[in-house]
Amino acid sequence: MSLPNLPNITPTISINRDDAINLLLASIAMEEIGLAHIINSEGEKIQYTIGTIPGMSPAASLEHLLEINTSIRETLDLLIKKEILLGNKLKQIIDIMS
């Protein structure tokens, strides 16, 4: 098996200070969107478990409900930590801007 041949690529990238700040803000926004999707999926997990999604009615036992509750609580704890980190990142960017 031979190794792939990669062309010699030496791109010239020029980003000024404003572009860098905008890219950092965009990265925060995209991470926030990702967190929102995770929160939404956890809500749908709850809806499915308790049977409020139309057309679906699982037989959720008390044990199953408690397992889902624990799982969602752990996920939300991690999301809160991530949100704190994003808040700190935003504060640093605001400090850079001023």
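**Two helices and their salt bridges**

Lys89 has a relative accessibility of 26%, so it counts as partly exposed. The model is predicted. Lys89 makes a useful entry point to the contacts between helices.

Its partner is Glu31: the two residues form a salt bridge, with the closest N and O atoms 3.5 Å apart. Glu31 sits in helix H1 and Lys89 in helix H2, so this pair ties together parts 58 residues apart in sequence. Glu31 is partly exposed, at 25% relative accessible area.

Glu31 also meets Lys82 in a salt bridge, at 2.7 Å from N to O. This pair again links distant parts of the chain, with Lys82 in helix H2, Glu31 in helix H1 and their positions 51 residues apart. Lys82 has 33% relative accessibility, so it too is partly exposed.

Now the helices themselves. H1 covers residues 17-50 and H2 covers residues 62-97. They pack at an angle of about 165 degrees, and their axes lie 10 Å apart. Angles over 145 degrees count as roughly antiparallel, and H1 and H2 are therefore roughly antiparallel to each other. The crossing of H1 past H2 is left-handed. Residues of this contact divide into 19 nonpolar, eight charged and five polar.

The structure holds three salt bridges. One of them joins Glu42 and Lys45, at 3.3 Å from N to O. Glu42 and Lys45 both lie in helix H1, three residues apart, or about one turn of the helix. Glu42 has 8% relative accessibility, so it counts as buried. Lys45, at 26%, counts as partly exposed. Elsewhere, salt bridges with shared partners join Glu31, Lys82 and Lys89 into one network.

Definitions and conventions
Residues are numbered from 1 along each chain as its sequence is written. This is a predicted model: local features need pLDDT of at least 70, side-chain atom pairs count only at pLDDT 80 or more; totals for chains, interfaces and linings use all residues. Side-chain values use heavy atoms; hydrogens and water are left out. Axes are lines fitted to C-alpha atoms, for helices over the stretch in contact, and angles run from 0 to 180 degrees between N-to-C directions. Helices (H or I, at least four residues) and strands (E, at least two) are DSSP runs, numbered from the N terminus. Angles under 35 degrees count as roughly parallel, over 145 as roughly antiparallel, 65 to 115 as roughly perpendicular and the rest as oblique. A crossing is left-handed if the near helix is turned anticlockwise from the far one by less than a right angle, and right-handed if clockwise. Ala, Val, Leu, Ile, Met, Phe, Trp, Tyr, Cys and Pro count as nonpolar, Asp, Glu, Lys and Arg as charged, and the others, Gly among them, as polar. A salt bridge is a side-chain nitrogen of Lys or Arg within 4 Å of a carboxyl oxygen of Asp or Glu. Buried means under 20% relative accessible area, exposed over 50%, partly exposed in between (1.4 Å probe, protein chains only).
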